[in-house]
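Me: I have a model open and would like to go through the reasons behind its labels. Could you take me through them one at a time?

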Protein chains: 2
Amino acid sequence: MFSKTCEYAIRAVIFIAQKTADGSRVGIKEVAAGIDSPEHFIAKILQDLSRKGIIQSQKGPTGGFYLDAQSRKYTLADVVHVVDGDQIFNGCGLGLKQCSETKPCPLHNEFKKIRDAISKMLRSTHLGEFSEQLEQKLVFLKR
Amino acid sequence: MFSKTCEYAIRAVIFIAQKTADGSRVGIKEVAAGIDSPEHFIAKILQDLSRKGIIQSQKGPTGGFYLDAQSRKYTLADVVHVVDGDQIFNGCGLGLKQCSETKPCPLHNEFKKIRDAISKMLRSTHLGEFSEQLEQKLVFLKR
DNA sequence: ATAATAAAAGATAAATTTGTCTTTTATTAG
DNA sequence: CTAATAAAAGACAAATTTATCTTTTATTAT
Ligand code: FES
Ligand code: FES
């Protein structure tokens, strides 16, 4: 469904949102450990998200990653879009170069429903909304 | 959503179903051209599907690929399962090693709905059911 | 039997994704 | 100002996916 990169990205962003809900920052090592991902790999991904403004970062001592008020308004759809592009939102499920209403693949109508369900879910999910459930260990970001 | 391999596989199987609805056979070159895929690549995939019994093949002159009565009862879910395994049917959408009801990821409940929709669609779609629409050029397997 | 045909199999290679290691840059505390 | 810290950047490597090319095997028609 998503690339590994994107899976890590979503988990990391949710993790950072929770860890920095109090205004603090969280280092890359703690993120990597918290979501069980390779440290330098998730670092690259976060650099990207940071450049695009989805998350914030600060170098040096006391530095780390965090989300500002603006970023807390972003949704998972924004994360997915930055990392995986819009294939999942608009691409043809059977791999035709471009999804088209006038020249549809055999599953076009079915795929459209599923794509829409995915889009809707991602667009309606904000980065910070799992903090409490994570705190209470009702949901998890690693096994 | 699916691997490139799986996309080709689905398109090829639908193509073969249509082309051989009359009991004939279709060669690998025609398949590759018909779905716009690399010839030797789709050949490997069809070998696999053939070994698994999802499609049939016959060597030599007048040989080619086709679907017997039994195979026409298979669904796209069978094809996807052979090619991509069961990640799409049961895997965690956020990449946790295993989806779990008792230790769910934050999106578990949402993903479950989507996975179920995909499963349902694939299980209810039989290989031959697009032949007529393809014939009438209402749907397409390449751009 | 023989030659022609077409899939099967095997080997190799390109491209992409995923992961690791090292160096550089910015920031802070002292 | 200096040393310590932590992200940013760059280079490289492994693994996987996707694609290509060649040889072998089975089957058919003549
Ligand atoms: S054409 Fe395939 S999903 Fe629209
Ligand atoms: S645990 Fe992630 S989908 Fe079930």
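Reply: Gladly! A salt bridge here is a side-chain nitrogen of Lys or Arg within 4 Å of a carboxyl oxygen of Asp or Glu. By that rule, two salt bridges cross the interface of chain B and chain A. This is a predicted model, in which local features need pLDDT of at least 70 and side-chain atom pairs count only at pLDDT 80 or more, while totals for chains, interfaces and linings use all residues. Residues are numbered from 1 along each chain as its sequence is written, chains are lettered from A and ligands numbered from 1 in the order in which they are written, and side-chain values use heavy atoms, with hydrogens and water left out.

Me: Why is the pair Asp36(A) and Lys97(B) called a salt bridge?

Reply: The closest N and O atoms of Asp36(A) and Lys97(B) are 3.2 Å apart. The limit is 4 Å, so the pair qualifies.

Me: What makes Ser57(B) a polar contact of DNA strand C?

Reply: A polar contact is a pair of N or O atoms within 3.5 Å; within protein, one must be able to donate a hydrogen and the other to accept it, and residues adjacent in sequence count only if both atoms are side-chain atoms. A polar side-chain atom of Ser57(B) lies 2.7 Å from a phosphate oxygen of DNA strand C, so the pair meets the cut-off. For Arg51(B), the distance to a phosphate oxygen of the strand is 3.4 Å, so this pair meets it too.

Me: And how do you know that Gln58(A) makes one?

Reply: An N or O atom in the side chain of Gln58(A) is 3.2 Å from a sugar or linking oxygen of DNA strand C, so the same rule is met.

Me: How many residues surround DNA strand C, and what makes a residue near?

Reply: A residue is near if one of its heavy atoms lies within 4 Å of the strand. There are 26 residues around DNA strand C, with Pro61(A) and Lys44(B) among the closest. Of the strand's atoms that come within 4 Å of the protein, 62% belong to sugar and phosphate.

Me: How do you know what area is buried between chain B and chain A?

Reply: Buried area is the accessible area (1.4 Å probe) that two parts lose on being put together, summed over both. For chain B and chain A this comes to about 3,300 Å², and carbon and sulfur atoms give 70% of it. Met1(B), Pro106(B) and Arg143(B) supply 22% of the area that chain B buries against chain A, more than any other three residues.
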